[in-house]
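User: I am new to this structure and would like to begin with one part of it. Please take me slowly through its strands and sheets, and through whatever packs on them.

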Amino acid sequence: MAALRWFLAAGLAVFLLAVAGTASAQLSERQKDYYQDWLKTADRAEEAVKASRASDAALEKLRTEVDGYRKIFNEVRGGNSDRIKTLQSQLDALGAKPEDGSEEPEDIATLRDHLQSQLDALRVPRIISEEAYNRANGLITEIDRIIRLRQTKEFTTRGPSPLNPDLWPAAVVDVKQALGGLWHEVAANLKTDVVHVQFRNHYPAIIFLTAFGLLLIARGRVWSERMGAYLRTLKGGGRRVWAFVVSLSRIFLPWLGVVLLTSAVSTTSVVGVRGQFLLDQVPNWAAIFLVFDWIGRQLLVLRDEDQQPLLSRVRMAELRLVIDLLAVMLILNDLLAAFDRIENVSDATRAVVGFPVIFLSALVLLRMQRLGPMREMGVATESVEPVHRSGLSRFFRQVRRILIVLGLLSVVAAALGYMHAAEGVIFPAIKTLALISINLIVQRFLGNLYGWLSGTGDAGRDSLFSVIAGFVLAIGSLPILALIWGARSTDLLEVLSRARQGVTLGGVQISPGSFVTFALVFVIGYMVTRLLQGGLRNSLLPKTKLDAGGQNAIVAGTGYVGIALAAVVAVTSAGINLSSLAIVAGALSVGIGFGLQTIVSNFVSGIILLIERPISKGDWIDVNGQMGYVRDISVRSTRIETFDRTDVIVPNSDLISQSVTNYTRGDTVGRVIVPVGVAYGTDTRKVETILDEIANAHPMVLANPAPSIVFQGFGADSLDFEIRAILRDVNWVLSVKSDMNHEINRRFVEENIEIPFAQRDLWLRNPEALAQQKDSAPQSAPTAPQPASTKPMDLTEPDMDGDGDGDY
């Protein structure tokens, strides 16, 4: 054992020197004593855990000492990592020692020994600190287990039933003795010269504290309420924000008055040890009552702000009274706990005295759950539509379902003798309700603040910011909720300590610190990227000669590169080593490649579109029969706005792999073709002259190159001409066609030029055969004449094309 202690003490030398940043100094006597203290503390903790007889307070104190050592060991066991890697890489560069028995060069052997000695000197403290850390961590786990087992046993322990009348006389006697002892203590102090001298020496301060404290208690809430009511009558979005801030003085001013008043009483030294212990708790009790009263007031304010309030004003006043009574119940429970600590009464007396408080608390909770939605007198409840609203209404709908259960369970448990279980359910439930109400009130305040700062007004309460604020408040309330329901502060600190160490996923160590660093760096990089994009889009690129499509491509490419760089820098800054995930990422990439090949294809196609720019934003294109203007090009798809104002999402791969017609690529100059036919016999030169005048007269037609009139040929029904002209903006092609057709019709009417339409002549080969059949038919009674046909003759495509059997 002595040899082991000597070895650990020697290892402590390197351990402590590593903390100081050195590895080659002699161990001082102080450092040896320090390590010996840790060994003694660890041995004492192991003995206490093995015996399991120490009190909870002693175990908590011992746990704090062990946790202090554990923090040091945790810091050192991860130290000098970079230096160790450097030394190891240097040794690896020297290569392995010769295994064939030959000697390596003296210089290399000397260097190898020197590097190995340095490496061993750095590894020793890591090994020792790792062992000490594991030992301290195990001791803390054992201590926490013992304390939790005791708490569980206390929670489930059954004591005497408070409904047993035999216990009541003894409980009354204990209460009388406690009150009598407190009164006799005060009366005895009043007769002593110490109190008289204390009052004579400090009476100005005592009078001032008493008067000012009473003034704040009596008028503090009134002043705050008047100021808040005045602010709410003002116009502007900030009135509710400032009214909320002022409402906090309803808590602070009276509480400050209570603190001053208790200070005045303490200064007189009139109270004894028992009285001083209770007097120290008075500010806490005052804070409980004032916070609950403030909650009830804020719920009334929220009710007045809602256009469809959940509760009537009468029921809201009753709700405020119920909330105040809940605060009184909490104060009475704390008072009984203080009474138990001062007098150390029996379990029977504690049960008898505590049962009425639990019973009254349950009654108050039951009354709260009966405060349902507003039903005005004279209105049928069936005709009232339920109002589904967030915030206060949701709070009422949820808590009304659990209040009756918690109240009944607590009363039944207390009646059966499970006082600790009853108190551990009903009073945390009351505090939980208060915490939920505070979260709702603060969320409404943050929504009003956002609406005021953003200029959205009341819409800020229903914005995404308000939802996120509510989520953050809920997450932040979890530690408080854990403390309310019996968790120890050391439990929360232990969870925080383990969270700081992080978890290992695939060989990568992820801790909250690294995650926060990653998120912070990435958000900063993302914001810088967006600012750079905004500067390019609004300031720099508009001053260049690039078209809108090129500017959009540069802005989009800058965004992709900036976000990628932000992610890489964030990962590097967080110290996350992704090399161990390379094999996993390689395996996943195969599956991702098959499953997401379409998305990857579209992504790559989007990059190609942004680089090569075969199409740009604002171009008029035709792809897969979809014709319209390009409105947006993203990495996965392109949005086209058709001429009927509908959006068509086209995958980028279609724009790369298929044929695309771009009518406005490079410029907007394009050609228009207007066909027209005239009747046979018309002077073709005259028609050509008229069409040429019409084409040259239109303002959208370019003079160079000049429009041309083409005599296409002899059609089946007309002489076919075409106007072919180059337009300065092809987007106006339909309007130009319409204008030219109107002008053609007007000029042709003036010049008596006929625009023919399709005509067909019907010839019968042998009409004499039809006449012979008519003469040879037998004579019959005359019948009513029948129409030649009951519907128009159906024309087929051969009829329209002139390919039938008839003669034309």
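Analyst: What follows is a walk through the sheets, strand by strand, with a few words on the whole protein to begin with.

Please keep in mind that this is a predicted model, in which local features need pLDDT of at least 70 and side-chain atom pairs count only at pLDDT 80 or more, while totals for chains, interfaces and linings use all residues. Residues are numbered from 1 along each chain as its sequence is written, and side-chain values use heavy atoms, leaving out hydrogens and water.

The protein has 25 helices and 10 strands; these are DSSP runs numbered from the N terminus, helices being H or I with at least four residues and strands E with at least two. Of its 808 residues, 35% count as buried (under 20% relative accessible area; exposed is over 50%, partly exposed in between, with a 1.4 Å probe and protein chains only). Among contacts with a separation of 6 or more, 73% link residues 24 or more positions apart (contact means heavy atoms within 4.5 Å).

Now to the sheet of five strands. Its strands form an open sheet in the order S6-S5-S4-S3-S7, and the pairing is antiparallel (two strands pair if DSSP finds at least two bridges between them). At the edges sit S6 and strand S7, residues 660–662, each pairing on one side only. From one strand to the next, the twist averages 40° (axes are lines fitted to C-alpha atoms, for helices over the stretch in contact, and angles run from 0 to 180 degrees between N-to-C directions).

Let us start at the S6 edge. Strand S5, residues 637–642, runs antiparallel to S6 and is joined to S6 by five bridges. If you find Thr638, you can step across to Val650, its bridge partner in S6. Together S5 and S6 make a hairpin with four residues between the strands, where Arg645 takes a positive phi near 65°.

S6 itself is worth a pause. In a regular strand the side chains alternate between the two faces of the sheet. S6 covers residues 647–651 and shows such an alternation: Val648 and Val650 point to one face and are buried. Asp647, Ile649 and Pro651 point to the other face and are not buried. Val650 therefore appears twice in this tour, as the partner of Thr638 and as one of the buried side chains.

At the other edge, S7 pairs with strand S3, residues 620–623, in the antiparallel sense over three bridges. Here Val623 stands opposite Val660 of S7.

Further along the chain is a sheet of three strands. This open sheet has the order S8-S10-S9, again with antiparallel pairing. Its edge strands are strand S8 (670–678) and strand S9 (708–714), each pairing on one side only. The twist in this sheet averages 25° from one strand to the next.

S9 runs antiparallel to strand S10, residues 719–727, and six bridges join them. Ile709 has Ile723 as its bridge partner in S10. Helix H22 packs on this sheet and touches S8, S9 and S10, with its direction making about 25° with that of S10. Helix H23, residues 733–750, packs on the sheet as well. H23 touches S8 and S10, and its direction makes about 30° with that of S8.

One residue makes a handy landmark on H22. Helix H22 spans residues 684–697, and Asn696 is found in it. What is the exposure of Asn696? Asn696 is partly exposed, because its relative accessible area is 43%. In sequence Asn696 is 29 residues from Ala725, yet their C-alpha atoms are 8.7 Å apart in space.

To retrace the route on your screen, begin at the hairpin of S5 and S6 and cross the five strands in the order S6-S5-S4-S3-S7. Then move to S8-S10-S9, and look for H22 and H23 packed on that sheet.
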